[in-house]
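Open your viewer and get ready to click along with this tour. At each stop you will hear what to select and what is there.

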Amino acid sequence: MSTRHFFWPFLAAIGLLLSACEKQPPASTPEPVGYALLYAVSSQEQDVDYLMWIKDPGPEIKAWIDDIAAFNGTVTKQLDAWKKDGSVTNLKVTNLPPAEVKSRDRAAQRTSGKLIWGEGIDLRTELLLSQISALQYCGDLCYALTEMDYAKPHKDTIAPWIDGYDKLAVKGIEILESGE
């Protein structure tokens with residue numbers, strides 16, 4: 001076996017070992033995970049405009065995607081700031097069951113593949129539907145956070161995010177309905 005063939009499996013094994021060592025909250029005092037769930041999506045969605053380097057869905061969709069990326073960038077930066085100042089302690093550990101994690105990973109891979117390799121109307125539809133779904137989910141997470149006691153210190157900042165996500169989702173639905 002050459003050194004090159006040994007290197008990648010070795011690197012993968014080290015990565016798995018390190019990820020397994022990620023600090024988990026104690027079972028008796030579970031950390032709030034709402035922020036981590038929102039962070040998981042917003043930190044990915046802030047980069048959704050990178051897809052426009054590969055695909056050109058047209059100017060209206062591109063402008064909408066740019067708005068989604070910018071809005072999620074703002075949300076992610078604020079979550080990072082709260083983590084840095086200590087008012088939020090967890091942005092990584094979601095405590096999702098393993099089956100849910102696998103299901104989400106599979107769905108993300110399937111959608112990413114369609115967006116990268118898809119063409120024509122299927123690409124447009126898949127892009128719009130996946131983004132509308134993500135926006136609605138983030139809006140719902142923000143709503144849920146405003147109802148949680150642990151998020152009360154940030155409620156005034158989070159509440160407008162609900163409206164921001166909803167407006168972006170409505171814009172996507174309008175684009176989808178226009179068929180352009």
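Searching the whole structure turns up four salt bridges, a salt bridge being a side-chain nitrogen of Lys or Arg within 4 Å of a carboxyl oxygen of Asp or Glu. Before you click, note that this is a predicted model, where local features need pLDDT of at least 70, side-chain atom pairs count only at pLDDT 80 or more, and totals for chains, interfaces and linings use all residues. Residues are numbered from 1 along each chain as its sequence is written, and side-chain values use heavy atoms, with hydrogens and water left out.

Select Glu 60 and Lys 171 to see one of these bridges, with the closest N and O atoms 3.5 Å apart. Glu 60 sits in helix 3 and Lys 171 in helix 6, so the pair links distant parts of the chain, 111 residues apart. Helices here are DSSP runs of H or I with at least four residues, strands are runs of E with at least two, and both are numbered from the N terminus. Glu 60 is partly exposed at 34% relative accessible area; buried means under 20%, exposed over 50%, and partly exposed in between, using a 1.4 Å probe and protein chains only.

Next, show helix 3 and helix 6 (residues 155-178) together: their axes come within 11 Å and cross at roughly 165°. That makes the two helices roughly antiparallel, the word for angles over 145 degrees. Axes are lines fitted to C-alpha atoms, for helices over the stretch in contact, and angles run from 0 to 180 degrees between N-to-C directions.

Stay on helix 3 and pick Lys 62 and Asp 66, whose side chains meet in a salt bridge of 3.0 Å, N to O. They are four residues apart, about one turn of the helix.

Over on helix 6, select Asp 163 and Lys 167, another salt bridge, with its closest N and O atoms 3.2 Å apart. Asp 163 is partly exposed at 41%, while Lys 167 counts as exposed at 55%.

Now find Trp 53, in the loop between helix 2 (34-45) and helix 3 (59-85). Is Trp 53 buried or exposed? Its relative accessibility is 71%, so Trp 53 counts as exposed.

For contrast, click Gly 34 in helix 2, which counts as buried at 11% relative accessibility. Draw a distance from its C-alpha atom to that of Leu 91: the two are separated by 8.6 Å, yet lie 57 residues apart along the chain.

Finally, zoom out to the protein chain, which has six helices and zero strands.

Notes. Parallel < 35°, antiparallel > 145°, perpendicular 65-115°, else oblique.
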